[in-house]
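Here's a quick tour of one model, starting with a single helix and then zooming out to the whole chain. Have the viewer open as you read.

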Amino acid sequence: MAARELPTRARVVVIGGGVGGASVAYHLAERGETDVIVMERDELTSGSTFHSAGLVGQLRADPTLTRMNMYSVELYRKLQGTQTPPGWTESGGIKLASSTQRLEEIRRQISWARTFDLPLVEISAQDAQSMFPLMSTEGVVAGAYLSSDGHLDPSQLCYSLANAARALGVKFFTHTRVLGITTTEGRVTGVSTDRGDVECEVVVNCGGIFAAEIARMVGVRIPIVPMSHQYVVTQPLLEDPSVVLPTLRDPDLLVYYRQDVAGLVMGGYERNPAPWTADMTHVDDIPADFNGRLLPEDWTRFEEITENSQIRVPVMADAELRKVINGPEAFTPDNEFCLGETEVDGFFVAAGFCAHGIAGAGGIGQVMAAWVLDGDPGMDLWHMDIRRFGGQYRSPSFTLKRTLENYSTYYDIKYPLHERESARPLRMSPAYAWHAAHGASFGEKSGWERVNHYEANAAAGDEALRPVGWPGHHWSPAVGAEHRATRERAGLFDESSFAKIEVSGPGAPSYLEQICDNQVARGIGDVTYTQVLNHRGGIEADFTVTRVAEATFWIVTGTSYGSHDLALLRKRARELGADVRIHDMTGQYATYALWGPSAREIASTLTSADLSDEAFGFMTSAELTLGDIPVRALRVTFVGEHGWEFYVSSEYGASLWRSLMEAGEPFGLVPGGYRAIESMRLEKGYRVWSTDITPETTPYEAGLGFCVKLDKPGGFIGREALLAQKEAGISRRLACLRLDEPLRVALGSEPVRIAGKVVGRVTSAGYGYTVEASLAYAYLPIELAVAGTRADIDLFGEWIGAEVVKQPVLGSTR
Ligand SMILES: Cc1cc2nc3c(=O)[nH]c(=O)nc-3n(C[C@H](O)[C@H](O)[C@H](O)COP(=O)(O)OP(=O)(O)OC[C@H]3O[C@@H](n4cnc5c(N)ncnc54)[C@H](O)[C@@H]3O)c2cc1C
C-alpha cells in the first residue's frame, strides 16, 4: 500500500513514536487539540519503549512526580478497558529494606504517601515473603507495600495510547524521519522530513535517546546521555503463574523483579554504568539505523546485580534465561526528566525519562499537553523543567560525569544536604582560596562551590544541638555558631553564586512592570522585592529588582534559578515584543553579604559614605567605595539583620573579601555559610522559590500580598487571577509551625495533621538557633492557619506535636 501523503501543515508536530510521543499526542487531542501529527522515523515503539521492563512504580522523592505517576496508573487502568489494552496488571509493589537506614527511608516515604492518599504501608519481611514466596528474608529488616503499583507491556501501552489518540483525530506517520526544524525569529515554523516539509507552530521533541540530536537541529542543548540499561527474563520457574506476584525492589542489593508470565524479569542499577555513543569529549552519536535494536549483552557489568539477585531470590542461581535485554535509555545529569519549552519558542521537549518513562508516560502526556496549550504545565515542574540546566551542561564531560554519578548511586540513600562529588570544583568565587584556607565545608549548586559552613567555627558551636536522625547527618555545630555571631555581632557571607541578570533598553521599565506583580520601575537606586506570575497567579519567579539607571535594572535571583529565570524573562520579552536587552552577568560580579548589628560600624571603617538609615535606607542601593575598591551596595537582607550585599567586579573580589574580614575583626565578624543563612531566614519567614512558593501558589497564599500592586498602571501578568482570588478570599495560607521537640527537625514534604486529618505538607523546615526551635512551613486551610492551632508532623513514622505560630517567629530587625 502506498504511504499516505504528509499534510503540508499541522498545528503541532510530535517527533517520536514511543510512549512519550504517543501519550503527548493523546493528551493534546483529549484536550481538544486534534491538529496533531506524530512522526516516527521507523515503527511505533522501535526506540527504548519496546525493550522496557514495564514496571510502574508511583512513589518518588518528588511530590509532583508522584502525582504524575498516580495519574499514569489511573490512565492505564482506563486503557485496560479499551480494544488495545496495555496489559496493565495491578500486581502491587514491594520495596524491601535490607538495612535499618533503608527502613528509615521507607518510613519517610510512607509518611509522604499519606499526603497523596497513596496506600503505602509498612510490612514485615514475612509479609513480603508471603506475597512473593520466591524471596529469601535473609537480611530483610522490613518493607513497604503499595497495592496500586503494577506492570504492563510497554509496546502495548504505546499502541494503546496511539490508538486512543488516533480515535480522537491525531495522525501518525511512521517511516518519516525529521531531518530539520525551521524557525523564524526564534520561533518554530515547521519541520522538514525525508517525505516532505510540514509547516507547524509547535514541535514536541519526544525523541527518547535521540532527543538531544533532534534539539541540535535548532541549536538547543538537551543534556541527555544514552546509557545502557540491562535486565534478564528467565524461563518459566513459577509453579502457579496464575498467582499474581507483586513487583519487588531491593535497593540495598540494587535489584528489581517482576513476574513475566511463568518467569521473572530481573534488572538493576549497576555501580559501573556504561554510556553509549557518548564520552567525555563527544555528545551522543547514535547510528542512523538504530531502531528495533539492542546492545550486546554485558555480563561483566552485570556481575554484581546477578550475584545480588540470587541472594534475594535464590532460584535465580539455577534459573535458565529466556532472554537478556541490554538497551539504551535516555538518562539526565540529575535523574529527572527534561520537560517543557526550550529557548526556541514553540520547541518543546519531553524526554530523558531515566528508566521511568513507562511509569511516567501518562503524567508526562498530561502536563505536556497543558504546557503546549495553556503556556504552563499547571503544576510545579521545576525539578523537571528543561530551563534548569545552566551553561555547564553544554559540556559533554560535565554532563557525563554527573549522569554517571547519579546512575551509579541511583539506589543509594541520600541524606539531606547530600552533595554531589563529580566535576568539582568548577565555578568558584574570587574568595574561594580564602574559604578553602579557612576550613570551609563546600556544597555545590549549579556548578558553583559555595560555603555551607566553616568547620573552623565548629568549636564555638554546641554539639548538643545536633538534630535527631537524618537531619543530623550532614550537620555541624559551626552552623549555630555562625548564626549566633551574625545575630549578635556580624557575619560575612559569600553569595557570589547568585544569578545576576541585567535588563536594559528603552522598553525595560514598562516591560518589567508588565511582568512583575510589584512596582519595580521606581526611583534610580530603589530595590524592589517582586514575583513574576503566570496567568493563574502562580509564582514563576521571585527576585529583587534594582533600578541602577533610567533604563537599566539588575535582577538578582537564586543560584539555581539563573537559567530558568533568564529563559522566563527572555520568553516574556519576546511575547510582549519588548525593546530590551537581557544579559546574564552572574560571573562578572562577586557578591558578599555583611549582616548583623555591627554591619554598619564595620562598613563605615572602609568608606566615607553616609551609611545612616536616613542616607541609605532599607531597599535602596548606591555605588560607593570600600577601601580601595568600588562596589555597588544593596541595603537588603535575607536573614533579618541590618546590612548590605556588596556587588563587586570579580577582579576585586578576593581583595574585598579580605578587606571586609580585616575590617570586621575588631567587631567579632565571623565568616558564615549557607546553612546559617537558611536557619536565619526560617526565623524571619523569608520564602524560598521552589519550596515555599511555586507556580502552584499565589502571593496571597504565600503571605506576600504586600508585593502585589493591583492598581499599578497597565496591570501585570497574573493580575486578573489575583484580583479574583482577592475577591473570593484565599482558602489556604503558608503557616509557620513550631515543633514541640526542638531537635526533631523536618526535612520537607512531611504530612501535617490537624484534628486527625492530613491537611498539608511541609514546604521547608529547619532549626532556628535564636528562637531555639524546630520550625516548619506548610500551606494550611485558612481557618487553621492561625496562631495557636495544634498540629502534628509525621517525622519518619512518628507524629511530633507542633503549633502554628505568628510570623515572623523572630521579631523585626533589619
Ligand atoms: C532496559 C530498559 C528497561 C526499562 N525498564 C523500565 C521500567 O521497568 N519502567 C519504566 O517506567 N521505564 C523503564 N524503562 C524506560 C522506558 O522504556 C523509557 O523511558 C521509555 O520507553 C522512553 O520512551 P520515549 O517515548 O521517550 O522514547 P522512545 O521509545 O525511544 O521513542 C523515541 C522515538 O523517537 C524516534 N525518533 C528519533 N529521532 C527521530 C527523528 N529524527 N524523526 C522521527 N522520529 C524520530 C525514534 O525512532 C523512537 O521510536 C526501561 C528502559 C530500558 C532501556
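## One helix, two sides

On one side of α17, E720, E727 and A728 are exposed (over 50% relative accessible area, 1.4 Å probe, protein chains only). Elsewhere in this helix, which runs over residues 719–728, R719, L722 and Q725 are buried, meaning under 20% on that scale. Those buried residues fall within an arc of 125° seen down the axis of α17, so they line one face of the helix; the arc is taken from the directions from the helix axis to the C-beta atoms.

What sits over that face? Part of the cover is β25 (527–533). Right after α17 comes G729, with a positive phi near 90°.

## Where the numbers come from

This is a predicted model, with local features needing pLDDT of at least 70 and side-chain atom pairs pLDDT 80 or more, while totals for chains, interfaces and linings use all residues. Numbering runs from 1 along each chain as its sequence is written, and side-chain values use heavy atoms, leaving out hydrogens and water.

## The whole chain

Counting DSSP runs (H or I of at least four residues for helices, E of at least two for strands), the chain has 17 helices and 39 strands. Its radius of gyration, over C-alpha atoms, is 27 Å, close to the 28 Å from the globule rule (2.2 Å times the number of residues to the power 0.38), so the chain is as compact as a globular protein of 814 residues. The C-alpha trace spans about 85 × 60 × 55 Å along its principal axes, and 62% of the residues are buried.

Methods
Contact = heavy atoms within 4.5 Å.
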